[in-house]
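User: I am new to this structure and would like to learn how to read it. Could you please guide me through its features?

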Amino acid sequence: QLMDDMVKEGWCPSHITLSSLISALCKAGEVDKARTLFRAVRNKDCQPSVFAYNAMITGLCNVSRVEDALRLLKEI
């Protein structure tokens, strides 16, 4: 919730914070929440690092959402 509030207020999380949170959400089975956070950060003019992309793509692949992962990969 705190991260959501920070992003809504225009704060950009550090690359370490964002990739760690996305990875943790995906490992906890919360891939949709991770995807929502990833999109919210991008929509606030914050550029996710390659590490955040990697965490998101890995999370999508682990739940067999390969098409979504490929689309995200093309955005890098």
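**Reading the cysteines, the helices and the fold**

Analyst: Let us begin with one residue: cysteine 26 counts as buried, because its relative accessibility is 12%. Buried means under 20% relative accessible area, exposed means over 50%, and partly exposed lies in between (1.4 Å probe, protein chains only). Two remarks on the source apply throughout. This is a predicted model, in which local features need pLDDT of at least 70 and side-chain atom pairs count only at pLDDT 80 or more, while totals for chains, interfaces and linings use all residues. Residues are numbered from 1 along each chain as its sequence is written, and side-chain values use heavy atoms, with hydrogens and water left out.

User: Why does the sulfur of cysteine 26 form no bond with the closest cysteine sulfur?

Analyst: A disulfide is a covalent bond between the sulfur atoms of two cysteines. Here the term is applied to a pair of cysteine sulfur atoms within 2.5 Å. The closest cysteine sulfur to that of cysteine 26 belongs to cysteine 61 and is 10 Å away, which is too far for a bond. Cysteine 61 itself counts as partly exposed, because its relative accessibility is 36%.

User: How many disulfides does the structure hold, and which cysteines form a disulfide?

Analyst: The structure holds one disulfide. Its partners are cysteine 12 and cysteine 46, with their sulfur atoms 1.7 Å apart. This pair links distant parts of the chain, 34 residues apart: cysteine 12 sits in the loop between α1 (2-8) and α2, and cysteine 46 in the loop between α3 and α4. The torsion about their S-S bond is about -80°, so the disulfide is left-handed.

User: Is cysteine 46 buried or exposed?

Analyst: Cysteine 46 is buried, at a relative accessible area of 8%. Its partner, cysteine 12, counts as partly exposed, because its relative accessibility is 42%.

User: How should I read the helices, and how many are there in the protein chain?

Analyst: Helices (H or I, at least four residues) and strands (E, at least two) are DSSP runs, numbered from the N terminus. The protein chain has five helices and zero strands. Along the sequence, this gives the pattern α-α-α-α-α.

User: What span should helix α2 have, and how far apart are its end C-alpha atoms?

Analyst: The expected span of a helix is 1.5 Å times one less than its number of residues. Helix α2 covers residues 15-27, so its 13 residues should span 18 Å, and its end C-alpha atoms are indeed 18 Å apart. Just after α2, glycine 29 takes a positive phi of about 85°.

User: Which residues of α2 are buried?

Analyst: They are Leu18, Ser19, Ile22, Leu25 and Cys26. These residues cover an arc of only 130° around the axis, which puts them on the same side of α2. The arc is that of the directions from the helix axis to the C-beta atoms. On the other side of α2, Ile16 and Lys27 are exposed. The cover over the buried residues of α2 includes α3 (31-43) and α4 (50-62), where contact means heavy atoms within 4.5 Å.

User: Where do the buried residues of α5 fall, seen down its axis?

Analyst: Helix α5 (residues 66-75) has Asp68, Ala69 and Leu72 buried. They fall within an arc of 100°, so they line one face of the helix. Glu67 and Lys74 are exposed on the other side of α5. Among what covers the buried residues of α5 are α3 and α4.

User: What do the figures for the protein chain say about how compact it is?

Analyst: The radius of gyration is taken over C-alpha atoms, and the globule rule is 2.2 Å times the number of residues to the power 0.38. The protein chain has five helices. Its radius of gyration is 11 Å, close to the 11 Å that the rule gives for 76 residues, so the chain is as compact as a globular protein of that length. Its C-alpha atoms fill a box of roughly 35 × 25 × 15 Å along the principal axes. Of the 76 residues, 36% count as buried.
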